[in-house]
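Work through the exercises below with the structure in view. Try each task before reading its solution.

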Amino acid sequence: MTTAAAAGSPVDGILATASIVLSLLIAVWALVAAVRHRAPDRLQFVGLAVLEVALLGLAVVALVALGGGERPGEPGAFFGYLVTLVCLPPLAWVLARMEPTRWGSAIVCAVCLVTPVVVVRLQQTWEVVGG
Amino acid sequence: MAEQRATNRGPGRLLIAVYILFAIAATSRAGLQIATKFDEAPVAYLLSALAALIYIVAAVGLARAGHAGRRVALACCSVELVGVVGVGILSLADKELFPDETVWSGFGSGYGYIPLVLPVLGLLWLWRTRHDPA
């Protein structure tokens, strides 16, 4: 019963954890850059790209689970968060490219602080019924 | 190092980024609430939709800058500040009025009080860039 619920969430695995950790690491790195008056560097953009790949992987895992007949607790909210989530790193990327100053790094930091929150909300909206 | 003083550059761009994030958050939330359970708390959900609209218009105003853009942003930030403080007070005074959470309930406590800080930062930024020629 509880084991089925625990095994049931496709957005609660290593990919989700990795996304959260990576996102926070980028946020810290970008914050350091912003404090030091540095524009977004290569590492920030590579980080955003890797983060996007991880989030897309998370989305694919979720869609596969949906294809297998599993259903999130709050479908509407779940899809809302999922779509928002995969849009966040590209948003940070585009704005950081437009702003090659310390404030570009600040934008990367802000978006990478929001991303983990959205991942956690995504997990919560899946688990409402099963939990 | 001379930092830019244009409304839509530098710190302004960070402000725009945060406004975009809140526009997305408020729009999705309001859209979902209105689509799935409008009857439960119509006032709260319409307010969410209004907040969402204001965030979108504010982001556009700040991004467009110029005379008109700054006017629009100024109006949005002012309405936002009044809204978040007003709804914050009302939601504390009379919980019946907003049976479900909105972006502005409890002074935006559900969103780390950023809804309360954001219009203040917006107004400060508009003030600091008041000589923006663009």
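**Exercise 1. The contact between the chains**

Task: Find how many residues chain B and chain A each bring to their contact, and how much area they bury.

Solution:
- Step 1. Count the residues on each side. Chain A gives 16 residues, and chain B gives 13.
- Step 2. Keep in mind that this is a predicted model.
- Step 3. Turn to area. The size of an interface is often given as the accessible area lost when the parts come together.
- Step 4. Here the two chains bury about 1,200 Å² between them. Carbon and sulfur atoms account for 77% of that area.
- Step 5. Look at the chain B side. B:Arg13, B:Leu14 and B:Leu21 lose the most area to chain A. Together they make up 43% of what that side buries.
- Step 6. Add the polar side of the picture. Three residue pairs are in polar contact across the interface. The count of salt bridges between chain B and chain A is one.

**Exercise 2. The salt bridge**

Task: Identify which residue forms a salt bridge with B:Arg13, and state where both partners lie.

Solution:
- Step 1. Recall the principle. Side chains of opposite charge can pair when their charged atoms come close.
- Step 2. Search the whole structure. One salt bridge turns up over all chains.
- Step 3. Name the pair. B:Arg13 pairs with A:Glu99, and their closest N and O atoms are 2.8 Å apart.
- Step 4. Place the partners. A:Glu99 sits in the loop between helix H4 (75-98) and helix H5 (102-130) of chain A, while B:Arg13 belongs to helix H1 (residues 11-37) of chain B, so the pair joins two chains.
- Step 5. Check burial, for which the cut-off is under 20% relative accessible area. A:Glu99 has 3%, so this residue is buried. B:Arg13 has 10%, so B:Arg13 is buried too.

**Exercise 3. One face of a helix**

Task: Decide where the buried residues of H2(A) fall when seen down the helix axis.

Solution:
- Step 1. Take the length. H2(A) has 22 residues and spans 31 Å from first C-alpha to last, close to the expected 32 Å.
- Step 2. List the buried residues. They are A:Ala16, A:Ser19, A:Ser23, A:Ile26, A:Ala27, A:Ala30, A:Ala33 and A:Ala34.
- Step 3. View them down the axis. These buried residues fall within an arc of 125°, so they line one face of H2(A).
- Step 4. Recall the helix geometry. An α-helix has 3.6 residues a turn, so residues three or four places apart point the same way.
- Step 5. Turn to the face away from the buried side. The exposed residues there are A:Ile14, A:Leu25, A:Val28 and A:Val35.

**Exercise 4. A residue in helix H3 of chain A**

Task: Is A:Leu51 buried or exposed? Which residues is A:Leu51 in contact with, beyond its neighbours within four places in sequence?

Solution:
- Step 1. Locate A:Leu51 in helix H3 (residues 42-67) of chain A.
- Step 2. Read its accessibility. The relative accessible area is 0%, so A:Leu51 is buried.
- Step 3. List the contacts. They are A:Ser19, A:Leu22, A:Ser23, A:Ile26, A:Pro89, A:Cys112 and A:Thr115.
- Step 4. Pick A:Thr115. A:Leu51 and A:Thr115 are 64 residues apart along the chain, yet their C-alpha atoms are separated by 9.7 Å.

**Exercise 5. Positive phi**

Task: What is phi of A:His37, and where does this residue lie?

Solution:
- Step 1. Phi of A:His37 is near 60°, a positive value in a residue other than glycine.
- Step 2. A:His37 lies in the loop between helix H2 (14-35) and H3 of chain A.
- Step 3. With a relative accessible area of 39%, A:His37 is partly exposed.

Methods: Residues numbered from 1 in each chain as written. Chains lettered and ligands numbered in written order. Predicted model: local features only at pLDDT ≥ 70, side-chain atom pairs only at ≥ 80, totals over all residues. Heavy atoms only, no water. Helix = DSSP H or I, 4+ residues; strand = E, 2+ residues; numbered from the N terminus. Buried < 20%, exposed > 50% of the residue type's maximum accessible area, 1.4 Å probe, protein only. Contact = heavy atoms within 4.5 Å. Salt bridge = Lys/Arg side-chain N within 4 Å of Asp/Glu carboxyl O. Expected span 1.5 Å × (residues − 1). Arc of directions from axis to C-beta. Buried area = accessible area lost by both parts, 1.4 Å probe. Polar contact = N/O pair within 3.5 Å; in protein donor to acceptor, adjacent residues only side chain to side chain.
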